[in-house]
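Please open the structure in your viewer and keep the selection tool at hand. The tour below proceeds stop by stop, naming what to select and what is found there.

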Amino acid sequence: MSSAKGLVVISGASRGIGRAIALALADATCVNRDKVSDESSSSILSSQHLHMVLMARSASSLQETADMVKQRCGNGDAIITTTCHEMDLANIDSLPQNVKKILEPLANENYNTCLLINNAGSLGPLGK
């Protein structure tokens with residue numbers, strides 16, 4: 001069985017398409033974990049551990065997404081872990097330090113596969 005670690009960074013993960021992508025990746029990862037036998041596979045879906053970095057403007061909705069992701073694999077081994085970051089990607093002034101805050105803790109990890117899903121969008125202020 002593969003011991004590969006995958007990393008997925010999803011912006012706009014608190015609702016809509018971003019949440020749906022996070023949940024679909026969780027479902028596919030948990031379904032495939034017992035079927036993976038190819039050590040050389042580099043697919044996100046072949047990862048035996050998947051870490052999701054979820055970003056969005058709404059902390060409470062983001063936490064709901066993280067909780068839903070964790071529920072996808074049941075209460076067994078922690079095949080999927082999540083980290084939530086509340087941020088507004090439209091705020092250009094704080095973007096460099098926010099990206100640094102997210103990526104620095106991940107720099108020393110040995111991820112076999114990394115995926116960025118840049119899904120964040122803005123139609124104006126949240127809630128309007």
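Begin with the second largest pocket, which holds about 200 Å³ of space. The model is a predicted one. To display the pocket, select Val9, Ser11, Met55, Leu89, Val99, Ile102, Leu103, Leu115, Leu116 and Asn118, the residues that line it. Two or more of the lining residues come from each of β1, α3 (95-103) and β4. Which classes of residue make up this lining? Eight of the residues are nonpolar and two are polar, while none is charged.

**The whole chain**

Now show the entire chain as a cartoon. How many helices and strands does the chain have? There are three helices and four strands. Followed from the N terminus, the elements come in the order β-α-β-α-β-α-β. The chain has 128 residues, and 40% of them count as buried. If the accessible surface is displayed, its total comes to about 7300 Å². Carbon and sulfur atoms account for 52% of that surface. Among contacts with a separation of 6 or more, 79% join residues that are 24 or more positions apart.

**Strand β1 and its partners**

Select residues 5-11, which form strand β1. Is this strand mostly covered or mostly uncovered? It is mostly covered, with six of its seven residues buried.

Add residues 49-56, strand β2, to the selection; β1 and β2 pair in the parallel sense over seven bridges. Lysine 5 has histidine 49 of β2 as its bridge partner.

Next add residues 113-118, strand β4. This strand also pairs with β1 in the parallel sense, here over six bridges. At valine 9, look across to leucine 116 in β4, which stands opposite. Both Val9 and Leu116 were met at the opening stop, in the lining of the second largest pocket.

In general, the side chains of a regular strand alternate between the two faces of the sheet.

**From histidine 49 to threonine 82**

Return to histidine 49 in strand β2. Its relative accessible area is 22%, so histidine 49 counts as partly exposed. Now draw a distance from its C-alpha atom to that of isoleucine 80: the separation is 5.8 Å, although the two residues are 31 residues apart along the chain.

Then select threonine 82, which belongs to strand β3 (residues 80-86). Why does threonine 82 count as buried? Its relative accessibility is 16%, and buried means under 20%. Leaving aside residues up to four places away in sequence, threonine 82 touches His51, Met52, Leu54, Ala66, Val69 and Lys70.

**Two stops on the helices**

Move to alanine 24, in helix α1 (residues 16-32). This residue counts as partly exposed because its relative accessibility is 45%. The C-alpha atom of alanine 24 is 9.4 Å from that of arginine 72, a residue 48 residues apart from it along the chain.

The last stop is lysine 101, in helix α3. Its relative accessibility of 46% means that lysine 101 also counts as partly exposed. Select histidine 85 as well: the C-alpha atoms of the two residues are separated by 9.3 Å, and the residues are 16 residues apart along the chain. To close the tour, select Val99, Ile102 and Leu103, which are among the residues lining the second largest pocket.

Note on methods: Residues numbered from 1 in each chain as written. Predicted model: local features only at pLDDT ≥ 70, side-chain atom pairs only at ≥ 80, totals over all residues. Heavy atoms only, no water. Buried < 20%, exposed > 50% of the residue type's maximum accessible area, 1.4 Å probe, protein only. Contact = heavy atoms within 4.5 Å. Pairing = 2+ DSSP bridges. 1 Å grid on protein atoms, 1.4 Å probe; cavity = no way out; pocket = protein on both sides within 12 Å on 5 of 7 lines; lining within 4 Å. Points joined across faces, edges and corners; volume = space filled by probe spheres on them. Nonpolar A, V, L, I, M, F, W, Y, C, P; charged D, E, K, R; others polar. Areas by Shrake-Rupley, 256 points an atom, 1.4 Å probe, with all protein chains shown as cover.
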